[in-house]
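Thank you all for coming. I would like to walk you slowly through one structure this morning, so please keep the picture in front of you while I talk.

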Amino acid sequence: MQTPKILTVSEITKQIKGLIQQFEGVWIEGEVSNFVPHSSGHMYFSLKDEKSVIRAAFFKNANQHLKFKIQDGMKVVVHGNVDLYEKSGQYQVIVDNMEPKGLGMLQLRFEQLKEQLKKEGLFDQARKRKLPILPKKIGVITSPTGAVIRDILNVLQRRFPNIHVVLNPVKVQGDGAAEEVAEAIKYMNEDGSFDVLIVGRGGGSLEDLWAFNEEVVARAIFSSKIPVVSAVGHEIDFTIADFVADLRAPTPSAAAELVIANKTDLIEKIRAYEVRLTNDLTNKYQTYKEKLDWIRKSGLAMGLKRTLEIFKERISNAAKSPAFLRPKEKISQLKQEVDEYESKLAITIGHFLENRRNEIKVLQGKVESLNPLKILERGYSVTLKLPEKKIIKSASELKKNDEIEVKFANGTINAMIK
Amino acid sequence: MSDKEMKFEVALTKLEEIVDKLESGDIGLDDSLKHYEDGMKLLKFCTAKLDEVEKKIEILVKDKGGKVTGTKTFKNDEDSDKLL
């Protein structure tokens, strides 16, 4: 009779471990569940299908290059070795590589980063800045070779011959490209002299454009104090950089068109303002001239007339006075009075003329100060009596039912006196 | 307003406001003249701005570590190999 061999737990575990370790370099497909990222950087989860579950460990040194985020429910394919953890007696897959199933890995990473940055508000429309119309200095971050920079420069120079462009040459694909682009954006910001940046590259595959889908580029664009125009690939290619940029141009040439207005258009626009500015005043110049003429001729005449009326009244009053009843006694008094009136009138007229002269001088000065573009007054109107079109200087010149024409700066109306 | 600090687009907007105000015709003579003078200043400013920038196409020069060491003129048709 053979005595059964008794094994210790460690012994049997060691034997089982040996068997299990034969599952080396296996590919396993399954759904992730109970995913726990540990603060140490290690990741623990289960892989399952309809019938079974297997524990999995994805250690830090293996998972640090993972391009996407693991989530429960995700279908994945893992590569690794099956091992037994003696302390718990559990077997598990030690994963050394993982790929998403179905969706390509880059696509998945793109979607995940897009989702994350969107949540963080990096794509918010509200933070998108307006581009300057007339940037003094334009920064272009792209490869110094190839069609992109050529297209951009051609368009920029065609639109605005005297332009200041600085190219920051960067690698636009391959290892380190994203970091170079991000660094360039930072550099241009630190420089402080740029008004707008174009960041881009030509078309290519998702892999070729990848640098512009990297988080580091997205963050650099987001942090940029200078408005950024993205111009990556062709019209149909959308990158993360496009979502974060202040403006997305469908192509590099389009980016160049967006960053600077056409100089000829601007010149025309300014000229149009000049025409409006002067036309408006010039159109009213005639009215102003009429006002001046009115003051020169009629205003002065009216002033004199009024003074003469006062004088006449005084004379007629004087005629009724006792001086005429007793001429001999009062004649000299009257003469003296007339002399006084005369000198008063002379002074009054003198003052009047002086005042009118000053007024005219002021008005003339205003007109002349704005020559040669001619000026215009505002807020005055001229009333003419119809049908003879006589300029009306006093309300007393009009009576009920008279027809008048009133000239305003920008038109005339006809009216009747009530 | 300081001409040095003012941006072209700000000047253009101000100019538009002035023209609109003048054309609305409901301001007094003194204001009108003032606006006109301001408008002419802005016009001069905008026109000057258009020619202010000198044409310059440059490329940053970097050392092997990627650090910018200076700038030089960038020729559009320059042999691409020389630039790398």
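Let me begin with a term I shall lean on throughout: a residue is called buried if 20 or more other C-beta atoms lie within 10 Å of its own, exposed if 12 or fewer do, and partly exposed in between. Please also bear in mind that what you are looking at is a predicted model.

With that cut-off in hand, take B:Leu43, which is found in helix α2 of chain B, residues 29-52. It has 21 C-beta neighbours inside 10 Å, and therefore B:Leu43 counts as buried. Which residues is B:Leu43 in contact with, once we leave aside its neighbours within four places in sequence? They are A:Ile270, A:Tyr273 and A:Glu274 from chain A, together with B:Leu15 from chain B. The C-alpha atoms of B:Leu43 and B:Leu12 are separated by 8.2 Å, although the two residues stand 31 apart along the chain.

Now to chain B as a whole, whose secondary structure comes to three helices and two strands, following the pattern α-α-β-β-α when read along the sequence. Of its 84 residues, 24% are buried. If we take the contacts in chain B between residues at least 6 apart in sequence, 32% of them join residues at least 24 apart.

Chain A has twelve helices and 14 strands, and buried residues make up 26% of its 418 residues. For contacts in chain A between residues at least 6 apart in sequence, the share joining residues at least 24 apart is 64%.

The two chains come together in an open sheet of seven strands with mixed pairing, in the order β10(A)-β9(A)-β8(A)-β6(A)-β7(A)-β1(B)-β2(B). At the edges stand β10 of chain A, residues 247-248, and β2 of chain B, residues 68-73, each with a single partner strand, so one side of each is left without a neighbour in the sheet.

I would like to stay with β6 of chain A, residues 138-142, which pairs with β7 of chain A, residues 164-169, in the parallel sense over five bridges. Within that pairing, A:Val140 stands opposite A:Leu167, and the bridge partner of A:Ile141 is A:Asn168. β6(A) also runs parallel to β8(A), to which four bridges join it, and there A:Ile138 stands opposite A:Val196. How many of the residues of β6(A) are buried? Five of its five are, with A:Ile138, A:Val140 and A:Thr142 on one side and A:Gly139 and A:Ile141 on the other, so that both faces of the strand are covered. As background, in a regular strand the side chains alternate between the two faces of the sheet.

Turning to a helix, α6 of chain A, residues 215-223, has A:Val217, A:Ala218, A:Ala220 and A:Ile221 buried. Seen down the axis of α6(A), the buried residues fall within an arc of 165 degrees, so they line one face of the helix. What do these buried residues pack against? Their partners in chain A are α3 (105-120), α5 (177-191), β8 (196-201), β9 (228-232) and α7 (240-244).

The largest nonpolar core has 75 residues, and those with the most contacts inside it are A:Val181, A:Leu197, A:Ile198 and A:Val229. This core draws at least three residues from each of domain 2 (110-261) and domain 3 (264-377) of chain A. Not counting residues up to four places away in sequence, A:Ile198 touches, among others, A:Ile138, A:Val140 and A:Ile141 of the strand we have just discussed, as well as A:Val229. Apart from this core lies another, of 13 residues, including A:Met74, A:Val76, A:Val82 and A:Met98.

Some backbone details deserve your attention. A cis peptide bond, with omega about 5 degrees, joins A:Leu386 and A:Pro387, and A:Pro387 is found in the loop between β11 and β12 of chain A. Phi of A:Asn401 is near 70 degrees, a positive value in a residue other than glycine, and with 8 C-beta neighbours inside 10 Å this residue counts as exposed.

Finally, a word on confidence: the mean pLDDT of chain A is 83, and 78% of its residues reach 70 or more. Over residues 371-377 of chain A, however, pLDDT stays under 50. Where pLDDT is low, the predicted coordinates should not be read in detail.

Technical notes:
Residues are numbered from 1 along each chain as its sequence is written. Chains are lettered from A and ligands numbered from 1 in the order in which they are written. This is a predicted model: local features need pLDDT of at least 70, side-chain atom pairs count only at pLDDT 80 or more; totals for chains, interfaces and linings use all residues. A nonpolar core is a set of buried Ala, Val, Leu, Ile, Met, Phe, Trp, Tyr and Cys residues joined through C-beta atoms within 7 Å. Domain bounds come from an automatic or database domain assignment. Two residues are in contact if their C-beta atoms, placed from the backbone, lie within 7 Å. pLDDT is the predictor's confidence in each residue, from 0 to 100. The arc is that of the directions from the helix axis to the C-beta atoms. Two strands pair if DSSP finds at least two bridges between them.
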